[in-house]
Amino acid sequence: MKLLLGLFLVLAVGACEYDFVAPEEIPDIPVEEDLSFATDVLPIFTANCASCHNSGGRAPDLSAANAYQSINTAKYINRDNPESSLIYSYVKAGASTHTHAQYTGAQGQYILVWIQQGAQNN
């Protein structure tokens, strides 16, 4: 009986596994580092958002051809208070109410810094 109990405990403890997930490192992007909408921001939308937010889909249209024109409004970009910009805050990792996707911390940082730099179509 003791042998059976011992075997059970060894198997039970051995079956416990913890997969450590390292926290995501969020890059510290200086506001002085020029970010480009085409090379730094648009790929984030393409990878995470454009499957639903496209021409004929949900607003805003984040397809490559229409993304900038669709978000370049006060509704989505607040140049005076970039952190409150809907295009950043609505899908922000850890604080999002969006039901389908969230930016990673790094993606959110790129979008935030791009807005802080004036949200140019560059």
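Me: Before we look at single residues, when does a residue count as exposed, and which of the two, buried or exposed, is Ala59?

Reply: A residue is called exposed when its relative accessible area is over 50%, and buried when that area is under 20%. In this predicted model, Ala59 sits in the loop between α2 and α3. Its relative accessible area is 62%, so Ala59 is exposed.

Me: Thanks! Which residues does Ala59 contact, leaving aside its neighbours within four places in sequence?

Reply: Let's start with distance along the chain: Ala59 and Ile71 are 12 residues apart in sequence, and their C-alpha atoms lie 9.3 Å apart. For contacts, neighbours within four places in sequence are set aside. What remains for Ala59 is His53 and Tyr76.

Me: What is the peptide bond from Ala59 to Pro60, cis or trans?

Reply: As a rule, most peptide bonds are trans. Pro60, like Ala59, belongs to the loop between α2 and α3. The bond joining Ala59 to Pro60 has omega near -5°, and it is cis.

Me: Let's step back for a moment. How many helices and strands does the chain have?

Reply: Happy to zoom out. Reading from the N terminus, the elements run α-α-α-α-α. Of the 122 residues in the chain, 33% count as buried. The tally of elements is 5 helices and 0 strands.

Me: What share of the accessible surface of the chain belongs to carbon and sulfur atoms?

Reply: The accessible surface of the chain comes to about 8,000 Å². The share of it that belongs to carbon and sulfur atoms is 58%.

Me: And what share of the contacts with a separation of 6 or more comes from residues 24 or more positions apart?

Reply: One pair that far apart along the chain is Gln116 and Val31, which are 85 residues apart and in contact. Among the contacts in the chain with a separation of 6 or more, residues 24 or more positions apart account for 52%.

Me: How do α2 and α5 pack, and what word describes α2 relative to α5?

Reply: Two packed helices are described by the angle between their axes and the distance between the axes. For α2 and α5 (residues 105–116), the angle is about 135° and the axes are 10 Å apart. Because angles over 145 degrees count as roughly antiparallel and 65 to 115 as roughly perpendicular, this angle falls in neither group, and α2 is oblique to α5.

Me: Which residues of α5 meet α2?

Reply: The crossing of α2 past α5 is left-handed. From α2, the residues taking part are Phe37, Asp40, Val41, Ile44, Phe45 and Asn48. On the α5 side they meet Gln107, Tyr110, Ile111 and Trp114.

Me: Gln116 is in α5 too. Which residues does Gln116 contact beyond its neighbours within four places in sequence?

Reply: Gln116 has 33% relative accessibility, so it counts as partly exposed. The C-alpha atoms of Gln116 and Val31 are separated by 7.1 Å. Beyond its sequence neighbours, Gln116 is in contact with Val31, Pro82 and Glu83.

Me: What is the phi of Ala119?

Reply: Most residues other than glycine have a negative phi. Ala119 lies in the segment after α5, and its relative accessible area of 0% makes it buried. Although Ala119 is not a glycine, its phi is positive, at about 50°.

Me: Which backbone nitrogen does the side chain of Ser85 reach?

Reply: Ser85 is found in the loop between α3 and α4 (86–89). With 1% relative accessibility, Ser85 counts as buried. Its contacts beyond neighbours within four places are Tyr76, Ile77, Asn78 and Ile115. The backbone nitrogen reached by the Ser85 side chain, at 2.8 Å, is that of Asn78.

Me: One last residue: what does Asn66 count as, given its relative accessibility?

Reply: Asn66 lies in the loop between α2 (37–48) and α3 (67–71). Leaving aside neighbours within four places in sequence, Asn66 is in contact with Ser55 and Asp61, and its C-alpha atom is 8.3 Å from that of Asn54. Its relative accessibility is 28%, so Asn66 counts as partly exposed.

Definitions and conventions: Residues are numbered from 1 along each chain as its sequence is written. This is a predicted model: local features need pLDDT of at least 70, side-chain atom pairs count only at pLDDT 80 or more; totals for chains, interfaces and linings use all residues. Side-chain values use heavy atoms; hydrogens and water are left out. Helices (H or I, at least four residues) and strands (E, at least two) are DSSP runs, numbered from the N terminus. Buried means under 20% relative accessible area, exposed over 50%, partly exposed in between (1.4 Å probe, protein chains only). Contact means heavy atoms within 4.5 Å. Accessible areas come from the Shrake-Rupley method with a 1.4 Å probe; for residues, only the protein chains shown count as cover. A polar contact is a pair of N or O atoms within 3.5 Å; within protein, one must be able to donate a hydrogen and the other to accept it, and residues adjacent in sequence count only if both atoms are side-chain atoms. Axes are lines fitted to C-alpha atoms, for helices over the stretch in contact, and angles run from 0 to 180 degrees between N-to-C directions. Angles under 35 degrees count as roughly parallel, over 145 as roughly antiparallel, 65 to 115 as roughly perpendicular and the rest as oblique. A crossing is left-handed if the near helix is turned anticlockwise from the far one by less than a right angle, and right-handed if clockwise.
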